[in-house]
Amino acid sequence: MFPGATTDREAASYVVVGAPLDATTTFRPGTRFGPDRVRRFAETYDDYDRRTDSRFSALGVADAGDVRPWDDAEAYLDHLAAELRSVTYDDAVPLLLGGEHTVTYAGVDAVDPDLLVVCDAHLDLREAYDGTPWNHACVTRRCLDDLGVDRAVIVGARTGSEAEWDRADGPDVTVVPPADARAWIDALADDGVSEESVYCSVDIDALDPAYAPGTGTPEPFGLDPREVRDLVRAVAPSADGFDVVEVNDRDDGQAAALAGKLLREFVFAHGDGR
């Protein structure tokens, strides 16, 4: 169970759901261990948050455990989306712990946002990869083309295929490279989010691997932790769903510790902005 959460979903404002999918990892597997690892490395965090003068345990967070995956990714995503939709039907905010980035599709399907804000080293705009459109390298493309998200902002992207960069030139995609991230985040914090509904997804590989080496496809020259923290704080008050994904067991806990802290930052900022 995520530290500070309960198992009581009846009065929950937020529900943590683990999605340990590890079906299409293309380099270093291990995202199946992500949800439990994030929960474990969040155990040492203090309940009290000075910035918002609130306690995590008082904000109505429940942990629904993991939705066990199987080898049919498309069928699993449909099932996961139904589980997350039940959270939204109860007027709670789903907090999804991956698992590979493919699980974001289910979160977006459940929330049906206008805007998808993604922190990611990769564009994830491929039509298909390794013979499947359900590969983690295709998730943002699937959200735009299949789920009808109006617009995606990809913050921290620094690599992609030529075809992905062509897709990123479309009017429904904005790419914010690492060098421009601080200015974009500061502007967002000042101006807020104009769209009515937002989903926020953090692929832990958006951070430089010096900070989060425990991920499947580390890509140098990335974001620093404070940049991602501040983005989460800025987006959270307008967001109807959040996930942090792509944590694996290939480090000493740095990636998991960051992921757990970012989930808490989302809850504190969302609760403070209500």
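How many residues of β9 are buried? Six of its six residues are, which leaves this strand mostly covered. Buried here stands for under 20% relative accessible area, with exposed meaning over 50% and partly exposed in between, using a 1.4 Å probe and protein chains only.

## About the model

This is a predicted model, in which local features need pLDDT of at least 70 and side-chain atom pairs count only at pLDDT 80 or more, while totals for chains, interfaces and linings use all residues. Residues are numbered from 1 along each chain as its sequence is written, and side-chain values use heavy atoms, with hydrogens and water left out.

Helices (H or I, at least four residues) and strands (E, at least two) are DSSP runs, numbered from the N terminus.

## The sheet

Let us start with the strands. Eight of them form an open sheet with parallel pairing, in the order β4-β1-β5-β10-β9-β6-β7-β8. The edges belong to β4 (61-66) and β8 (173-176); each has a single partner strand, so one side of each is left without a neighbour in the sheet. From one strand to the next, the twist averages 15°. Two strands count as paired if DSSP finds at least two bridges between them.

At the β4 edge, strand β1 (residues 14-19) runs parallel to β4 and is joined to it by four bridges. One bridge places G18 with its partner D66 in β4.

## Around β9

Now back to the strand of the opening question. On one face of β9 you will find V198, C200 and V202, and pointing the other way are Y199, S201 and D203, all of them buried. Strand β9 runs parallel to β6, with five bridges between the two, and L116 stands opposite Y199 in β9. The pairing of β9 with β10 is also in the parallel sense, over six bridges; there, C200 has F242 in β10 as its bridge partner.

Further along, β6 pairs with β7 in the parallel sense over five bridges, and L115 stands opposite R151 in β7. Four of the five residues of β7 are buried, so this strand is largely enclosed by the rest of the structure.

## Helices α6 and α7

Helix α7 (residues 225-235) lies across four strands, namely β6 (115-119), β7 (151-155), β9 (198-203) and β10 (239-245), and runs at about 165° to β9. Axes are lines fitted to C-alpha atoms, for helices over the stretch in contact, and angles run from 0 to 180 degrees between N-to-C directions.

Its partner is helix α6 (residues 178-191): the two pack at an angle of about 30°, with their axes 9 Å apart. That makes α6 roughly parallel to α7, where angles under 35 degrees count as roughly parallel, over 145 as roughly antiparallel, 65 to 115 as roughly perpendicular and the rest as oblique. In contact (heavy atoms within 4.5 Å), P178, A181, R182, W184, I185, L188 and A189 of α6 meet R226, E227, D230, L231, A234 and V235 of α7. By class, this contact has nine nonpolar, no polar and four charged residues; Ala, Val, Leu, Ile, Met, Phe, Trp, Tyr, Cys and Pro count as nonpolar, Asp, Glu, Lys and Arg as charged, and the others, Gly among them, as polar.

## Helices α2 and α3

Helix α2 (residues 73-89) packs with helix α3 (residues 104-111) at an angle of about 45°, their axes 8 Å apart. The two are therefore oblique to each other. From α2, the residues L77, L80, A81, L84, R85 and T88 meet Y105, A106, G107, D109, A110 and V111 from α3. This contact has eight nonpolar, two polar and two charged residues.
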